[in-house]
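Me: I would like a close look at one part of this model, with the chain around it as background. Please keep it brisk.

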There are 2 protein chains.
Amino acid sequence: MKPVKVGICGLGTVGGGTFNVLTENNHDIARRAGREIIIEQVGTRRPNPACDTSNTQVTDDIFAVAENPEIDILVELIGGYDVARELVLKAIENGKHVVTANKALIAVHGAEIFAAAKKAGVTVGYEAGVAGGIPVIKAIREGLAANHIERVAGIINGTGNFILTEMRDKGRDFDDVLQEAQALGYAEADPTFDVEGIDAAHKLTILSSIAYGIPLQFENCFTEGISKITRDDVQYAEELGYRIKHLGISARTSTGIDLRVHPTLVPLDNMIAKVDGVMNAVAVKGNAVNDTLFCGPGAGAGPTASAVVADIIDIAREISIEPLAFNSLEDVRVLPIEEVETGYYLRMQALDKAGVMARVASILSNNGINIEAIIQKEPAEGEILVPIIMLTHKVQEKVMNQAIAEIEDYGDINGSVTKIRVEHLN
Amino acid sequence: MKPVKVGICGLGTVGGGTFNVLTENNHDIARRAGREIIIEQVGTRRPNPACDTSNTQVTDDIFAVAENPEIDILVELIGGYDVARELVLKAIENGKHVVTANKALIAVHGAEIFAAAKKAGVTVGYEAGVAGGIPVIKAIREGLAANHIERVAGIINGTGNFILTEMRDKGRDFDDVLQEAQALGYAEADPTFDVEGIDAAHKLTILSSIAYGIPLQFENCFTEGISKITRDDVQYAEELGYRIKHLGISARTSTGIDLRVHPTLVPLDNMIAKVDGVMNAVAVKGNAVNDTLFCGPGAGAGPTASAVVADIIDIAREISIEPLAFNSLEDVRVLPIEEVETGYYLRMQALDKAGVMARVASILSNNGINIEAIIQKEPAEGEILVPIIMLTHKVQEKVMNQAIAEIEDYGDINGSVTKIRVEHLN
């Protein structure tokens, strides 16, 4: 078979990694793909010192790659929304397959891009956009295709997991660990996308679409970050037998699709609770297979390139399926967060006097909320406030919000109640 | 597109599960496959009370399914070697695709079957043969196709993992737990295939072939079971910071392919050490992605059917790649176990007197073997023998065997030395 010619746009961390994986592993890759895969052209403004491009055509105009008639597959690794969208649509219009690692692009502009690709008869690969090196898109779309998928729950942002792991292991504060993560290059200078859950929401949007056959709808994903988690919360959770993870969770319920990213208490003996540091993990529950878990590095040059190149090899092997796994999407309603049911961890500061706990318990009880566990600490030296920590059974969020409002109105409770959702994932 | 017609041969646990998954999930499956998948015929001697076959053609002659001109895909779920081989070859000869869950068949007769399929231009799917519901064949063959695979290490026999988990959690003996596993249906009446590692060796043979592009060679896989592991070994391993798992391990080394199944001490903080009970897990290390781990149920009607039906959907989607992932296999030498390098856990019974430990240490040292840790226990009440436990650094097995022979010759050591291999998997 004739070689497949690739044009790489963007030669940063992932672009450079892709260049090097295609070059260094070309023997194995050609044996697997059944044909040579050649880097025909690279579009980049800046050279990458990790890449030897001396035998490669390099242009500083990425759109020249989209116009190059020699190129079969355009690899979009420039990131961002607008230029990336324009570049990808231009490549598709010119009959090229596209491979991208850009989850923001797919989560927000995926519908438009896939429609254009369908019209042009080309493939769009985006495995690298979710969970880096873990082939979880392929696992859900193909490996678990026999299943009615019931739930997807994932640690899909390595920065957030690194921060929570450090807070737990070393009893450190959020801000302190975030600064270290930035120094180590795990977190961006503006960490909003990572710590506020936007990046995870992009990825969860994509996973949910391929799991349930629903349209991409980033705008309907409830998103809450980890910046308000304290080391006390992390510690109390452990005392209760749980670990706080920043999870993307989506589930099929009788009333709609549950779609949310937030800090979550998970039982310590659940495998996903054991995934530490910058590792990612995605747990998929299907009605035939039951629980599966896919773990691996969620970012970095090598792992992300591994996924980019896997998509290129799929195209070279002429594997082409619907980008969102289903040949028709069903527009199932996404639940507003107020309708979602979970357990809750509540932490509040109470005056250290008799009857406070009983009053709080009765507010919960009057709202039909069952308490699963309580921790009441001694007041710290010289303090008149004591922390009260409670775990509740499952209840609708709007019911919990009402109860919390009542607790916050009660004079013997100081300040606001911290609420973290609990999932048993069983 | 016109429907795909399937014939299922064998309606036992997995056959029944496949029948039910295809029936119950047919809406999602058709949306994913882009066409209907119809069970055209079932070949079985016995009905399965879990399956409603009232609207399905049933024959007691499985070869009639292979001859049925309506059928596109024959699903072989009868198990065993000879009849299964004949059935599969007949189906291929008649131009049918084949899907099987039979690892023994693929590990032993795979080369012949794949050659016949290539000649006939049909596909053979066998995802269900390895690690049940975990789509690990697809992960290695496609999802990690960009990588030069360096190592595969897996818990690929749920029965063995259940036994080791129970021995650890409850301090029980091997024989005791095996009996329970048989009562629970996790282990066969003749448990040899499971506990002696033959089943795991079949699966590892398959995984290694698709990981490295080498021929299937079950006969070259070193196999050691778990029947000699004592609860003391399990306990001492924990004290040393390790857990005993029955692993299939294969690796690419500079002198050949390492291919072996045996009980293995794994560090407690390695994710694979945390996989308990009947769960399976496969860790794959690639030069681009680094470490990935795939976990899930390794057996049972639903999980195995999930994998069988995924293969059927791949065929319906017209996804067809080389069954062993590479279009040409390389006949790399497999290392004899004597040439393999690992760390070792040694346990021996010594006379409780001065100088014994020093003598053992000097035998190891004279053979160039470094000791990493030692536990010496007090003798039990009324005993004159004390257990000595040692962990060594990595050394070639033939060197270790020589040192063990010298230790066993030493008069103050009673009986034989227990040797369990140690892998850090880093």
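How much accessible surface does chain A have, and what percentage of it belongs to carbon and sulfur atoms? Then take me through the open sheet of chain B: what is its strand order, and which helices pack on it or lie across it?

Reply: This is a predicted model. Surface first. Chain A exposes an accessible area of about 15,900 Å². Carbon and sulfur atoms account for 47% of that area. Of the 426 residues in chain A, 60% are buried.

Now the sheet in chain B. It is open and has six strands. Their order is 3-2-1-4-5-6, and the pairing is parallel. Strand 3 (57–59) and strand 6 (124–125) of chain B stand at the edges. Each has a single partner strand, so one side of each lacks a neighbour in the sheet.

Take the pair formed by strand 1 and strand 4 of chain B. Strand 1 covers residues 4–9, and strand 4 covers residues 73–76. They run in the parallel sense and are joined over four bridges. One residue pair to look for is Gly7(B) with its bridge partner in strand 4, Leu74(B).

Helix 4 of chain B, residues 82–93, packs on this sheet. Helix 4 touches strand 1, strand 4, strand 5 (97–100) and strand 6 of chain B. The direction of helix 4 makes about 175° with that of strand 4 of chain B.

Helix 12 of chain B comes from further along the sequence, at residues 301–316. It lies across strand 1, strand 2 (37–43), strand 4, strand 5 and strand 6 of chain B. Against strand 5 of chain B, helix 12 runs at about 160°.

Back to chain A for the overall frame. Its secondary structure comes to 14 helices and 16 strands. The C-alpha atoms fill a box of roughly 80 × 45 × 35 Å along the principal axes. The radius of gyration of chain A is 24 Å. A compact globule of 426 residues would have a value near 22 Å, so the two agree. Among contacts in chain A between residues at least 6 apart in sequence, 73% join residues at least 24 apart.

Last, how the two chains relate. A rotation of 180° with 0.0 Å of shift along its axis places chain A on chain B, with an RMSD of 0.0 Å. That is the relation of a two-fold axis. Phe294(A) is the residue of chain A that comes closest to this axis, with its C-alpha at 2.4 Å. The interface residues of chain A are 100% shared with those of chain B, so the copies meet through the same surface.

How values were computed:
Residues numbered from 1 in each chain as written. Chains lettered and ligands numbered in written order. Predicted model: local features only at pLDDT ≥ 70, side-chain atom pairs only at ≥ 80, totals over all residues. Heavy atoms only, no water. Pairing = 2+ DSSP bridges. Helix = DSSP H or I, 4+ residues; strand = E, 2+ residues; numbered from the N terminus. Contact = heavy atoms within 4.5 Å. Axes fitted to C-alpha atoms, helices over the stretch in contact; angles between N-to-C directions. Rg over C-alpha atoms; globule rule 2.2 N^0.38 Å. Buried < 20%, exposed > 50% of the residue type's maximum accessible area, 1.4 Å probe, protein only. Areas by Shrake-Rupley, 256 points an atom, 1.4 Å probe, with all protein chains shown as cover. Least-squares fit on C-alpha atoms with pLDDT ≥ 70 in both.
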